[in-house]
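I sat down with this entry to look up how the inside of the fold is put together, and then to go through its aromatic and charged side-chain pairs. My notes follow in the order in which I looked things up.

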Amino acid sequence: MNNVLKGNILKGLGATAAAAAILIAAAPAFASAPAISLAKPNSGMSVDSFDPQVQVFNRQNIADLLHARSVSVVKFDTAWNDGGDATKAFDALNASDQSIHLLREALKADPAAMQLLARNHIAVNQVVDIAPAGNGAVQLYVS
């Protein structure tokens, strides 16, 4: 009976050690996840900057998103308060179907990007643009 008890304890310790090893191995991934927050309305970049940004797909933007320290999620429909700016941004968005499609396809092909979006309840088909803002900050524009 004593040997049976020792076997059960050792089995339990083995499972605990395995679970601890998995958590330790995964710790860098959890530690490096960017802080993600919802941007306040009217906090979009200048429309003059947004226009060329959204019209060109840049694969590096996905790497910027994954390695960011902070990500500000900007809702496209509330990003600009000025009627003229909002209209210009909407026109830029409409002229950018191809680059937005390429961005979404690249996100779908990147498991880490898809995990980041899923953890934050963002559907890939909502993503409109990823804009590096400097110093490890990124703006993620969603529709």
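I began with the largest nonpolar core, which has 18 residues, and noted that Leu107, Val127, Ile130 and Leu140 touch the most other members. Looking up where the members come from, I found that α3 (60-66), β2 (70-75), α5, α6 (111-119), β3 (127-134) and β4 each supply at least two residues of this core. I should keep in mind that this is a predicted model.

Another core lies apart from the largest one; this other core has 16 residues, among them Phe50, Val54, Ile100 and Ala131. As background, nonpolar side chains in soluble globular proteins tend to be buried together.

I then took Val127 and listed its contacts, leaving aside neighbours within four places in sequence: Ile100, Leu103, Arg104, Leu107, Leu117, Ile122, Leu140, Tyr141 and Val142.

Next I turned to the aromatic rings, and a search of the whole structure gave 5 aromatic pairs. For Phe50 and Tyr141, the ring centres are 5.2 Å apart and the planes stand at 50°, so I entered the pair as tilted. Phe50 sits in helix α2 (residues 47-55) and Tyr141 in strand β4 (residues 137-142), so this pair ties together parts that are 91 residues apart in sequence. Both Phe50 and Tyr141 are buried, and together with Phe76 and Trp80 they form one aromatic cluster.

For charged pairs, I asked how many salt bridges the count comes to, and the count is 1. The partners are Glu105 and Lys108, whose closest N and O atoms are 3.4 Å apart. Both residues belong to helix α5 (residues 97-108), where they are 3 residues apart, about one turn of the helix. I also looked up how far each is covered: Glu105 is partly exposed, with a relative accessible area of 36%, and Lys108 is partly exposed as well, at 40%.

Last, I stepped back to the whole protein, which has 6 helices and 4 strands, following the pattern α-β-α-α-β-α-α-α-β-β along the sequence. Of its 143 residues, 29% are buried. Among contacts with a separation of 6 or more, 72% are between residues 24 or more positions apart. The accessible surface comes to about 8700 Å², and carbon and sulfur atoms account for 59% of that surface.

Definitions and conventions
Residues are numbered from 1 along each chain as its sequence is written. This is a predicted model: local features need pLDDT of at least 70, side-chain atom pairs count only at pLDDT 80 or more; totals for chains, interfaces and linings use all residues. Side-chain values use heavy atoms; hydrogens and water are left out. A salt bridge is a side-chain nitrogen of Lys or Arg within 4 Å of a carboxyl oxygen of Asp or Glu. Buried means under 20% relative accessible area, exposed over 50%, partly exposed in between (1.4 Å probe, protein chains only). Rings of Phe, Tyr and Trp (its six-membered ring) pair if their centres lie within 6.5 Å; planes under 30 degrees apart count as stacked, over 60 as edge-to-face and the rest as tilted. A nonpolar core is a set of buried Ala, Val, Leu, Ile, Met, Phe, Trp, Tyr and Cys residues joined through side-chain atoms within 4.5 Å. Contact means heavy atoms within 4.5 Å. Accessible areas come from the Shrake-Rupley method with a 1.4 Å probe; for residues, only the protein chains shown count as cover.
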